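Student: I'm new to this structure and would like a close look at one part of it. Could you take me through the empty spaces inside, and then show me what sits around them?

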Amino acid sequence: MTATQFSAAPHTLPAAPHPMANPGYGKRSATGQHPRGDNDFSHLAPREAAIAAYIDRLPDGSDISVKTLAKALPYGQCALRTALNRLQAAGHLRRGRECVTTDELMLWVTRTFFSRTARDDEWWAAYIRGDVPREEPQQRPARSRAYILLAALGRSNPSLSLSAAECASLEPQVDEWFERGATEAELLHALTDGLPVPVHRASALIRRRLTDKLPPYRPAPERYAPLLSLECGECRAPGSPEALTGGLCSRCRGEAAPAPAGPPGAVATDGVSARIAEVRAGLVPRHERVERARRKPARTGATPSR
């Protein structure tokens, strides 16, 4: 009896890449997030955790609107809208706007900020102000930026291959280049341009070039804090981070609006239009004022004749 040969199941076609939003819109990853782990969203319900994990792996600029997510995920628009609101309440998401400036114009663009690490309202307020404190890394990297650059020289230039001890010995010199404002591209150009053939001692050659071509100190480029603002995740009304607790304004949270502050007798903001209408209704039209002036007898100093 011959063995029956079963053919393997056909491979499914790869899913289409997630669409990107229009320039200036879409997902924007918050800074200072912890490294990705298996338990990033374990505190969320299964549906919200799956949606958050999907958004977390999307690149910045991806379209994460409800309609687009409904086409990529097995959830309806109502379920996705509820899930995004719960991610906002859990501190993973905020909706707002950012002012993008160029040499020619200033433009406010819509942003959806996402953080893999759950953040509270105080952190989001600091993020919008641009003064988020830097957090200490959970695990110090084993090798520095300078060491990694030196160790990678041999990949593209085998004649510049270095040992671990030689990389550690040359590391302080490369660090000094970085402190002076040099880029990795400038360093690689200085170390690999015009190499002699053959290279007898790679470490001696690199040490000599790092010394002879040491650049001057360069001022760091001036950095401007981004101009950001938040808006209510429900009604999209703009507001300060302090007023948007959990990403919602006081009205959408079901709280009573605070009494307006102002001098005694000041008209409330929501009553200005009605007050203006009352004042206009009490004004006498111009043609009536002219008619009354004509009917009123003129007062003179002469006594009337009998």
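Tutor: Let's begin with the enclosed space. In this predicted model, the count comes to one cavity of 30 Å³ or more. The volume of the largest cavity is about 30 Å³. To find it on your screen, pick out Arg94, Asp121, Trp124, Ala125, Leu230, Pro241 and Leu244, which line it. Sorted by character, this lining has five nonpolar residues and two charged ones, with no polar residues. Helix H4, covering residues 121-129, gives the largest share of the lining, three residues.

Now for the open kind of space. The largest pocket holds about 460 Å³. Its lining counts 19 residues, and Ser65, Val66, Arg95, Thr112 and Arg236 are the ones nearest the centre. Here the mix is six nonpolar, six polar and seven charged residues. As for where they come from, at least two lining residues each are supplied by helix H3 (77-89), strand S2 (93-101) and strand S3 (106-114).

Stay with strand S3 for a moment. Leu107 is part of this strand, and Leu107 counts as partly exposed because its relative accessibility is 46%. Have a look at Arg97 too: 10 residues separate Arg97 from Leu107 in sequence, and their C-alpha atoms are 9.9 Å apart in space.

Strand S3 also leads us to the aromatic rings. Across the whole structure, a search finds five aromatic pairs. One of them joins Phe41 and Phe114: the ring centres are 6.5 Å apart and the planes stand at 45 degrees, so this pair is tilted. The two partners belong to distant parts of the chain, 73 residues apart, with Phe41 in the loop between strand S1 (27-29) and helix H1 (46-56) and Phe114 in strand S3. Are these two buried or exposed? Phe41 and Phe114 are both buried.

Compare that with the rings of Trp123 and Tyr127. Their centres lie 5.4 Å apart and their planes are at 5 degrees, so they count as stacked. About one helical turn separates Trp123 from Tyr127, because they are four residues apart in helix H4. Trp123 counts as buried because its relative accessibility is 10%, and Tyr127 is buried too, at 10% relative accessibility. Both residues also belong to a cluster: ring pairs link Phe113, Trp123, Trp124 and Tyr127. You've met Trp124 before, as one of the residues that line the largest cavity.

Rings can have charged neighbours as well. Arg145 has its charged end over the ring of Phe178, 3.8 Å from the ring centre. A second case is Arg180, whose charged end sits over the ring of Tyr217, 4.2 Å from that ring's centre. Arg145 belongs to helix H5, and it counts as partly exposed because its relative accessible area is 45%. Follow the chain on to Val174, 29 residues away from Arg145 in sequence, and you'll find the two C-alpha atoms 8.9 Å apart.

Helix H5 takes us on to the largest nonpolar core. This core has 21 residues, and Leu150, Leu162, Leu187 and Ile206 touch the most other members. Helix H5 (145-151), helix H7 (164-179), helix H8 and helix H9 each supply at least two residues of this core. Which helix gives the largest share of this core? That would be H7, with five residues.

Helix H7 is also home to Glu179, but this residue is not hidden away. Glu179 counts as exposed, because its relative accessibility is 59% and the cut-off for exposed is over 50%. Along the chain, Glu179 and Arg218 are 39 residues apart, while 8.9 Å separates their C-alpha atoms.

One last stop, between two of the helices that feed the core. Look at the loop between helix H8 (184-192) and helix H9 (202-212), where you'll find Pro198. A cis peptide bond connects Val197 to Pro198, with omega at about 0 degrees.

Methods
Residues numbered from 1 in each chain as written. Predicted model: local features only at pLDDT ≥ 70, side-chain atom pairs only at ≥ 80, totals over all residues. Heavy atoms only, no water. 1 Å grid on protein atoms, 1.4 Å probe; cavity = no way out; pocket = protein on both sides within 12 Å on 5 of 7 lines; lining within 4 Å. Points joined across faces, edges and corners; volume = space filled by probe spheres on them. Nonpolar A, V, L, I, M, F, W, Y, C, P; charged D, E, K, R; others polar. Buried < 20%, exposed > 50% of the residue type's maximum accessible area, 1.4 Å probe, protein only. Phe/Tyr/Trp six-rings, centres within 6.5 Å; stacked < 30°, edge-to-face > 60°. Lys NZ or Arg CZ within 6 Å of the ring centre and 35° of its normal. Core = buried A, V, L, I, M, F, W, Y, C linked by side-chain atoms within 4.5 Å.
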